[in-house]
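Thanks for making the time this morning. I would like to walk you through one model, beginning with how far we can trust it and then turning to two places in the chain.

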Amino acid sequence: MGPQRHLTFPGARRRRAMSLAVSTAVVLFACLVAHLLRLTVRRSVHSAELRRLLAEAITASELCACAFELGIIAGSYGVGTYAVYLFLLCIYQSYAWGEVYACPYLHVEDWWLGQQAAGTAALRILAEVIGGWATWRYVRALWWLELAAGHRGRWAEACTADLQVSPLHGALVEGVAVLFCRLVARALHERQHRFATAIDAFCATSLVVAGFNYSGGYYNPMLASALKLGCRGHTVAEHVAVYWCAATAGALLSIQLYPLLRPTLTGRAEHKRD
């Protein structure tokens, strides 16, 4: 038994390492493809608005593809490994995405502040939803190949909701977390902190991990719908209330609360508007 155990454990470790390497390659592949598509759009599409719509769809697809694979990593290697990958992705996205949001409530914020027309915001949100919705098709094809241990059978599984509390509690988790994230992001943007990107990524990662066993910690309506809309565990109305209404309400509330909390968050008494 001793020699058998000695042979089995290194083999198991090698398989786990190989499986993690495959998942890492899938994430990198999604980022690379999206980057190349964004470059192509910037160079070949002359209409600024069409260019932005395509970029939103591409980036939303990238975000969802990475999130699908991070779910595999979390299930196979634990939340700690998942958090490391998410933190690094957040930093990468802050540099790679530029002005693209891939998050519906940010467009709603712009509309609320008069920086974007309602029709423009609606079209950009629709582009994100289409990009996110289409992602499952190619992710499922990659999982069907079963290149990693965590992919086995996942392409054929019926999905289940990540909401593990009541819809009311889930809405509070999503809404309050988005409120906190947006307040921190506004303060970091105003202060132009040298480590703003890392701080923002750490804040987002921490909140996602904190909400993991409650609402799933999505904090992005498009992402939540692309991954979990229609899954067993809650109704469509509950999904919309938790992941769309509560998150958007949290974002809009941050606009109202930021002037009041600004002295505490930034140490500055007067707010300088753009």
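What you see is a predicted model, and the protein chain averages a pLDDT of 90, with 93% of the residues scoring at least 70. The start of the chain deserves caution, since over residues 1-8 the pLDDT is below 50, and beyond near neighbours in sequence that stretch has one contact in the model. If we go element by element, helix H1, residues 2-44, has the lowest mean pLDDT, at 82, while helix H4, residues 104-112, has the highest, at 97.

Let me turn now to the first place, Cys103, which sits in the loop between helix H3, residues 79-96, and H4. Is Cys103 buried or exposed? Its relative accessibility is 6%, and because the cut-off for buried is under 20%, Cys103 counts as buried. Leaving aside residues up to four places away in sequence, Cys103 touches Glu128, Tyr219 and Asn220. Of these partners, Glu128 is 25 residues from Cys103 in sequence, and the C-alpha to C-alpha separation of the two is 7.4 Å.

The second place is Thr135, which belongs to helix H5, residues 118-144. Thr135 has a relative accessibility of 0%, so this residue too counts as buried. Which residues does Thr135 touch, if we again set aside those up to four places away in sequence? They are Ser61, Cys64, Ala65 and Phe68, and with Ser61 there is also a polar contact of 3.0 Å that joins the two side chains.

Methods:
Residues are numbered from 1 along each chain as its sequence is written. This is a predicted model: local features need pLDDT of at least 70, side-chain atom pairs count only at pLDDT 80 or more; totals for chains, interfaces and linings use all residues. Side-chain values use heavy atoms; hydrogens and water are left out. pLDDT is the predictor's confidence in each residue, from 0 to 100. Helices (H or I, at least four residues) and strands (E, at least two) are DSSP runs, numbered from the N terminus. Contact means heavy atoms within 4.5 Å. Buried means under 20% relative accessible area, exposed over 50%, partly exposed in between (1.4 Å probe, protein chains only). A polar contact is a pair of N or O atoms within 3.5 Å; within protein, one must be able to donate a hydrogen and the other to accept it, and residues adjacent in sequence count only if both atoms are side-chain atoms.
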